[in-house]
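Got the viewer open? Follow along, selecting each stop as it comes up.

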Amino acid sequence: GAIGGALVSCVCMAALSLAVGIDAQEHPGLQVGLMWVCFILGECGGILAGLGINGWMWHYPCQQMFVVGLCNGAQQGSSLAGFLIVRLSEAGVGISEGFLLMSVMNILAAVGFYVCLPSRAEYFKEAGKVLNVCAASMDQAAVAGFLHLKLRLKGLVGILRLFPIENLLWFLVVPLGQCSFLWWAGGFAYKFVDWFGEDAQDLIRFYSLVFSPIGILGNPVAGKFM
């Protein structure tokens, strides 16, 4: 999954590099449509790649929240990639070349995932040791069709029933909180311009530089104490 996510991001970054070079006057719909699709798929691929860190979760059962914190920190730190493209553009490197560089970085990430992340079989083997169940019985990917979906839903319902109030609050708060943050993050630059005028760009750069390192360091530290 993580390797596939990195490869999807790689293809999307390469496609964005091509989209930037399209003449917006002659083909405005093509450029906007291609960029929109690539941004969405590239974001999904990046999230999937970041979740690959959770493959180590059962290797360290007493530090699972720390592993989750590393995953969250990786996703929060990804905003530095956009800042890198901006800095490259200011240094004279074209935006198209910046996206190509990001594409190459995703290829390197895919290679790193292949070398460093545990295999599917190893993941279920370690999970079986911790949960004291047969590892083969946990891998339901081989069960196709409606039965597979039914078993997954049954497992989800069983998990939800363990702590019903906490799970209900989680499903209510996390999606709303995440959507609210993304809504704010997508438009805060314009708010900064309205509030601070000429100083807005410096504040936006400061936010971009501070937000990612805090997430990279803060999420694992928070997970360590959970």
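Start with helix α5, which gives the nonpolar patch its largest share, four residues. Keep in mind that you're looking at a predicted model. To see the patch, select Ile3, Leu7, Ile107, Val111, Tyr114 and Val115: these sit on the surface and together have about 590 Å² of accessible area. Two elements give two or more residues to the patch, namely α1 (2–20) and α5 (95–116).

Now click on one member, Ile107, which lies in α5. Is Ile107 buried or exposed? Neither, quite: Ile107 counts as partly exposed, with a relative accessible area of 40%.

**Into the core**

Next, hide the patch and select Cys12, Met13, Ala15, Leu16, Cys38, Ile85, Phe99 and Met102. These eight residues form the largest nonpolar core. Color the helices and you'll find that α1 and α5 each supply at least two residues here. Which element gives the most to this core? That would be α1, with four residues.

Zoom in on Ala15. Leaving aside residues up to four places away in sequence, Ala15 touches Leu34 and Cys38. Apart from this core there's another one, made of five residues, including Ala2, Ala49, Ala110 and Phe113. As background, nonpolar side chains tend to be buried together in soluble globular proteins.

**The cysteines**

While you're here, show the cysteine sulfurs. How many disulfides does a search of the whole structure find? Zero. A disulfide would need two cysteine sulfur atoms within 2.5 Å. Select Cys10 and you'll see why there's no bond: the closest cysteine sulfur, in Cys12, is 9.1 Å away, which is too far. Cys10 is buried, at 10% relative accessibility.

Then move to Cys38, which is in no disulfide; from there, the nearest cysteine sulfur is that of Cys12, 4.9 Å away. Cys38 is buried as well, with a relative accessibility of 5%.

**A glycine in α3**

Jump to Gly73, in helix α3 (residues 64–77). Gly73 counts as buried, at 2% relative accessibility. What does Gly73 touch, once residues up to four places away in sequence are set aside? Select Gly215, Ile216 and Asn219 to show those contacts. For a sense of scale, draw a line between the C-alpha atoms of Gly73 and Tyr190: the two residues are 117 apart in sequence and 26 Å apart in space.

**Two salt bridges**

Last stop: charged side chains. Searching the whole structure turns up two salt bridges.

For one of them, select Glu90 and Arg87, whose side chains meet at 2.9 Å, N to O. Both belong to helix α4 (residues 79–90), where three residues, about one turn of the helix, separate them. Glu90 is partly exposed at 43% relative accessibility, and Arg87 is partly exposed at 43% too.

For the other, select Glu126 and Lys129, where the closest N and O atoms are 3.6 Å apart. This pair lies in helix α6 (residues 120–131), again three residues apart, or about one turn of the helix. Which way do these two face: buried or exposed? Glu126 is buried, with a relative accessible area of 17%, whereas Lys129 is exposed, at 54%.

Methods. Residues are numbered from 1 along each chain as its sequence is written. This is a predicted model: local features need pLDDT of at least 70, side-chain atom pairs count only at pLDDT 80 or more; totals for chains, interfaces and linings use all residues. Side-chain values use heavy atoms; hydrogens and water are left out. Patches are made of residues with over 30% relative accessible area and no salt bridge: like charges are joined within 9 Å, nonpolar side chains (Val, Leu, Ile, Met, Phe, Trp, Tyr) within 5 Å. Accessible areas come from the Shrake-Rupley method with a 1.4 Å probe; for residues, only the protein chains shown count as cover. A salt bridge is a side-chain nitrogen of Lys or Arg within 4 Å of a carboxyl oxygen of Asp or Glu. Buried means under 20% relative accessible area, exposed over 50%, partly exposed in between (1.4 Å probe, protein chains only). A nonpolar core is a set of buried Ala, Val, Leu, Ile, Met, Phe, Trp, Tyr and Cys residues joined through side-chain atoms within 4.5 Å. Contact means heavy atoms within 4.5 Å.
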